[in-house]
Amino acid sequence: MILVIAALILWALMWTLNVRLANGDSAGSRTVQLLVPFIFGLTLLVMWELLVRGLRVPTVVLPAPSVIVERMSREGPTLWVDFQQTFLKGALGGYAIGVTAAFLTAILVDRFDFLRRGILPVGSFVAALPIVGTAPILVMWYGFDWHSKAAVVVLMVFFPMLVNIVAGLQDTSQMQRDLMKTYAASYWQGFLKLRLPAAMPFIFNGLKISSTLAMIGAIVAEFFGSPIVGMGFRISTSVGQLSLDMVWAEIVVAALAGSAFYGVVALIERRVTFWHPSQRR
Amino acid sequence: MPMTRTLLPVLTVVLAIVAFWYLAAIPMNIHFALTTAERAGEVVTPDDAATRRGMGGIALAVQNPGQWADTWAQDKPRLPAPHQVVAELWQTTVMQNVTSKRSLVYHGWVTLSATVVGFAIGTGLGILLAIGIVHFRAMDMSVMPWAIASQTIPILAIAPMIIVVLNSVGVQGLVPKAIISAYLSFFPVVVGMVKGLRSPDAMQFDLLKTYNASRSETFWKLRLPASAPYLFASLKVGIAASLVGAIVGELPTGAIRGLGARLLTGSYYGQTVQIWSALFATAILAAGLVAIVAGAERLTLKRMGLAR
């Protein structure tokens, strides 16, 4: 009971602190802007720990954060192997293939107006469909190993990427294209020096959306069959064994990998599209 | 005419996909077609099963043009032909009683109800949180970075856990799936709605200030109407995410009811036609849901005078 009360008091204290910080004079400064969400996250974490201990929540319902961290430190090698299988092979492999395929298709589509008008509506329609559903079919075709997971990821990232690249390649004004023409630029010169750079903001938007989709595809595809390794496999079997601390450990790894993936793409974007208004500071 | 301008290319692309599908079905299914033909006493080139196993599907297809028709009419093909999928869809929707467990309408309804309930909860909570974030600075600074970061992580991974944990405390059926759906639609709505509620420019806020408008008046007369386009954009993302959530939520409980269950049992028993028809059912459902939201969007924005 004391722990529960402690949690509530902690919440009240931290919230007052955050309100003070947010409405204080230095609210605009970088430190405070990082500090406030950090305090909030930390408070939630500590409250979780205190409430789970105070209310004696069984581990099979919700393990305390300390238990999860302890499990993570114990299962390091397993987590690493799963990470390799699902993220490095399944998600990244599929992502690379899917993005490359979408890029090549986009260049082809872009050259023929008829094709573009036909594929864009179909592509944006398919991009809205629940493509994870193809996982059982692809697992049947490509076997249990990471190849089938990569195939799911390819399908998931292909259409959002295609739509974004094609839309991006259209994003030049008549004036700009005319200028290229007065320079007697060939198709490829115009493509490399004008249209591809102009398409970059769209392409990176697609890359960022796809980075999340790739993680989801690789994990969910493992629910339909996998070798005895992989994050999705570990999640579904650990859930079956009711060892929820392991499930949470995998989720932490997935969350870290997902945001790191997204962060890397966003970093490259800042380098490549430094000229775009959205990147100005 | 913009309609005919896109219609012809789209039809061409769709036809090309269907044609490719039929073509692809030949090498995909040729191995089994040749085995059955051989058992029936027909002559197939290489007449040795072991040699055939080592050969690629395309090479076999080229050598046995007589068996092509067979590849489009198998019971458990690796790739069912389009007409088989359509026939199965017709069989399991129109020809079945909707309460039957063989009816895709029944399974679709199970998934749809969880999706819609979850979507409603997620959207409602998302809008409430967004209103809080816009009005309270502390809430904005504490919660918003986490809401944005949460979009980069594969939240779907927690679906099996939610299902099993709730199952162990006695909650099952629609509620756990709805929770996953709600969770998935929640964050897109929060992020979009916050953007929308902040979209009026300083001039408009100043005008309301000169009218001496209170905070709630500003909210109802300026912020909320201005957020409508942003809200609908995230609703379209949210409903699609909700459907995926409901489908994945049906996987870990051993799969009894719902479209996700159809996918899983199909993959257990190698019923490829069933998988494909369930897949098309989810696609139709997703397209229908997005179309409904898009229709509501067009109607609302038109009445508000915001439509382009």
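Chain B splits into two domains, with domain 1 covering 2–79 and domain 2 covering 104–304. Their C-alpha centres are 40 Å apart. Before I go on, a reminder that this is a predicted model.

Chain A is divided as well: domain 1 runs over 2–57 and domain 2 over 72–279. In chain A the C-alpha centres of domain 1 and domain 2 lie 36 Å apart.

Now the secondary structure. Chain B has 13 helices and 0 strands, and in sequence order the pattern is α-α-α-α-α-α-α-α-α-α-α-α-α. Chain A has 11 helices, again with 0 strands.

On overall dimensions, chain B first. The C-alpha trace of chain B spans about 90 × 60 × 40 Å along its principal axes. The radius of gyration of chain B is 26 Å, where a compact globule of 308 residues would come out near 19 Å. For chain A, the C-alpha atoms fill a box of roughly 80 × 60 × 30 Å along the principal axes. Chain A has a radius of gyration of 24 Å, against a value near 19 Å for a compact globule of 281 residues.

Burial and contact range come next. In chain B, 40% of the 308 residues count as buried. In chain A, buried residues make up 40% of the 281. Take the contacts between residues at least 6 apart in sequence: in chain B, 77% of them join residues at least 24 apart. The corresponding share in chain A is 76%.

Let me turn to the interior. Which residues touch the most other members of the largest nonpolar core? They are Val153(A), Val157(A), Ile165(A) and Val190(B), out of 132 residues in that core. Helix 7 of chain A, residues 146–169, gives the most to this core, with 17 residues. There is also a second, separate core of 10 residues, and its members include Ala25(B), Ile30(B), Val44(B) and Ala61(B).

Two residues show what is packed around that part of chain A. Val157(A), leaving aside neighbours within four places in sequence, is in contact with Tyr95(A), Gly98(A), Val99(A), Ser210(A), Leu213(A) and Ala214(A). The other residue is Ala150(A), found in helix 7 of chain A. Is Ala150(A) buried or exposed? Ala150(A) is buried, because 26 other C-beta atoms lie within 10 Å and the cut-off for buried is 20 or more. Not counting residues up to four places away in sequence, Ala150(A) touches Gly90(A), Gly93(A), Gly94(A) and Ile97(A). Gly98(A), which appeared in the contact list of Val157(A), has its C-alpha atom 8.8 Å from that of Ala150(A), with the two positions 52 residues apart along the chain.

Next, the interface. How many residues of each chain are in contact across it? The count is 47 residues of chain A and 46 residues of chain B. On the side of chain A that touches chain B, the helices supplying at least two residues each are helix 1 (2–23), helix 2 (30–54), helix 5 (113–127), helix 6 (135–142), helix 9 (187–221), helix 10 (231–240) and helix 11 (244–272). Helix 11 of chain A provides the largest share, 8 residues. By class, this side of chain A has 35 nonpolar, 11 polar and 1 charged residues.

Last, a few local points, starting with helix 8 of chain A, residues 174–182. Why does this helix lie largely in the open? Of its 9 residues, the number buried is 0, so helix 8 of chain A lies largely in the open.

Helix 8 of chain A is followed by Ala184(A), in the loop between helix 8 and helix 9. The phi of Ala184(A) is near 60°, a positive value in a residue other than glycine. Ala184(A) is exposed, because just 7 other C-beta atoms lie within 10 Å and the cut-off for exposed is 12 or fewer.

Chain B has a positive phi to report too. Asn212(B), not a glycine, has a phi of about 60°. Asn212(B) is found in the loop between helix 10 (202–210) and helix 11 (215–249) of chain B. Asn212(B) is exposed, with 7 other C-beta atoms within 10 Å.

That is what I have on this model.

Key
Residues numbered from 1 in each chain as written. Chains lettered and ligands numbered in written order. Predicted model: local features only at pLDDT ≥ 70, side-chain atom pairs only at ≥ 80, totals over all residues. Domains from an automatic or database assignment. Core = buried A, V, L, I, M, F, W, Y, C linked by C-beta atoms within 7 Å. Helix = DSSP H or I, 4+ residues; strand = E, 2+ residues; numbered from the N terminus. Contact = placed C-beta atoms within 7 Å. Rg over C-alpha atoms; globule rule 2.2 N^0.38 Å. Nonpolar A, V, L, I, M, F, W, Y, C, P; charged D, E, K, R; others polar.
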